[in-house]
Amino acid sequence: MKRLNNKIALITGAGSGIGQSAALLFAKEGATVVVVDLNGDKGEKTRDMILKMGGEALFIHANITRETDCQDMINITEKKFGKLDVLFNNAGIMHHKDTNAVDLDDKTWDLTMNINVKGIFHSCKYGIPALQRSGGGSIINMASFVALLGSAKSNLAYTASKGAVVSLSRELAICYAPDNIRVNALCPGPISTEAFREFIGRETNIEYHLKRIPLKRFGRPEEVANCALYLASDESSYVTGSVLMVDGGITATYLSSD
Ligand code: NAD
């Protein structure tokens with residue numbers, strides 16, 4: 001028995017990295033996947049990969065910072081497939097100009113907040129009524145381990161945005177529990193995706209990062225996708241308002257072994 005049989009799952013930022021990995025896994029587990037991305041080439045590629053493996057998928061081009069794009073992506077999903085069961089708000093950025101409070105510019109702060117936080121708000125604004133019409137469902141919001149831990153090498157806008165994702169997820173979980181809508185936040189540690197490789201490429205001492213991870217390696221996108229699958233499926237039917245760490249033990253660490 002496939003774990004997402006008969007489910008319609010929409011994933012934002014499914015054109016690459018963790019989102020693409022989740023899209024492929026959800027499709028393998030029987031879901032019809034609505035691939036949403038700002039990047040048309042990447043989104044179409046994910047859709048084609050799913051179709052090639054015999055799955056069902058649709059690509060919708062959307063910029064989640066635009067309210068009308070989010071309204072459209074939900075409308076199109078319902079029109080085409082009749083319902084929505086899973087909303088995985090995965091799209092997010094870490095801007096290369098993100099830095100400490102003194103040097104951070106307004107444009108970088110606003111863009112980060114608009115994509116990482118307002119994008120989720122927009123998606124939920126239209127996604128929640130669709131889930132209510134379906135009789136319930138699962139929302140998974142992408143946060144990060146930096147929502148819970150500070151770093152001296154600051155990316156302040158990103159860190160603040162992911163903290164907001166955790167608290168908004170908790171509140172959504174409480175508000176919509178009566179509608180049988182579960183809302184959980186995922187907090188990955190450093191995961192080897194294109195975005196992360198770009199970030200780590202600017203770092204001079206990778207060993208410094210690895211030393212602080214009890215499992216002594218960066219994570220793989222599939223390892224986060226597996227957790228998203230659990231939260232999307234009925235196996236997590238009693239899990240809501242939770243924050244699931246997928247971080248190789250980073251947030252549990254006081255002193256790590258060498
Ligand atoms: P990625 O850059 O590989 O993928 C992000 C996708 O989102 C891209 O395909 C991009 O085109 C899309 N996107 C960006 N802005 C968009 C917008 N406005 N509208 C629609 N789509 C948009 O990144 P990733 O590493 O796979 O990260 C995915 C999520 O996981 C992000 O929210 C990120 O903050 C979070 N995360 C990543 C890591 C990591 O180490 N990779 C760790 C913790 C959390």
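In which hand of crossing does H1 pass H8? In this predicted model, the crossing of H1 past H8 is right-handed. Helix H1 covers residues 17-28 and helix H8 residues 221-232. Their axes lie 8 Å apart and meet at an angle of about 55°, which makes H1 oblique to H8. On the H1 side, the contact is made by Gly-17, Ile-18, Ser-21, Ala-22, Leu-25 and Phe-26. H8 contributes Pro-221, Glu-222, Val-224, Ala-225, Asn-226, Ala-228, Leu-229 and Ala-232. Sorted by class, this contact holds 10 nonpolar, three polar and one charged residues.

The interior comes next. The largest nonpolar core has 32 residues, and those with the most contacts inside it are Leu-10, Val-34, Val-36, Met-73, Ile-74, Leu-84 and Ile-139. Several elements supply at least two residues each, including strand E1 (8-12), strand E2 (32-37) and helix H3 (67-81). Helix H4 (106-133) is also one of these elements, and the largest share of the core, seven residues, comes from H4. Apart from this core lies another, of 30 residues, among them Ile-11, Ala-27, Val-224 and Val-246.

Val-36 can be followed individually. Leaving out residues up to four places away in sequence, Val-36 touches nine-to-thirteen-region residues including Leu-10, Ile-11, Thr-12 and Gly-13. Phe-59, Ile-60 and Met-73 are also among the residues Val-36 touches.

Past H8, the loop that leads to strand E7 (243-246) contains Gly-241. Gly-241 counts as partly exposed, because its relative accessibility is 27%. Beyond its neighbours within four places in sequence, Gly-241 is in contact with Arg-170, Ala-173, Val-183 and Asn-184. Lys-83 is 158 residues from Gly-241 along the chain, and their C-alpha atoms are separated by 23 Å.

Terms used: Residues are numbered from 1 along each chain as its sequence is written. This is a predicted model: local features need pLDDT of at least 70, side-chain atom pairs count only at pLDDT 80 or more; totals for chains, interfaces and linings use all residues. Side-chain values use heavy atoms; hydrogens and water are left out. Axes are lines fitted to C-alpha atoms, for helices over the stretch in contact, and angles run from 0 to 180 degrees between N-to-C directions. Helices (H or I, at least four residues) and strands (E, at least two) are DSSP runs, numbered from the N terminus. Angles under 35 degrees count as roughly parallel, over 145 as roughly antiparallel, 65 to 115 as roughly perpendicular and the rest as oblique. A crossing is left-handed if the near helix is turned anticlockwise from the far one by less than a right angle, and right-handed if clockwise. Contact means heavy atoms within 4.5 Å. Ala, Val, Leu, Ile, Met, Phe, Trp, Tyr, Cys and Pro count as nonpolar, Asp, Glu, Lys and Arg as charged, and the others, Gly among them, as polar. Buried means under 20% relative accessible area, exposed over 50%, partly exposed in between (1.4 Å probe, protein chains only). A nonpolar core is a set of buried Ala, Val, Leu, Ile, Met, Phe, Trp, Tyr and Cys residues joined through side-chain atoms within 4.5 Å.
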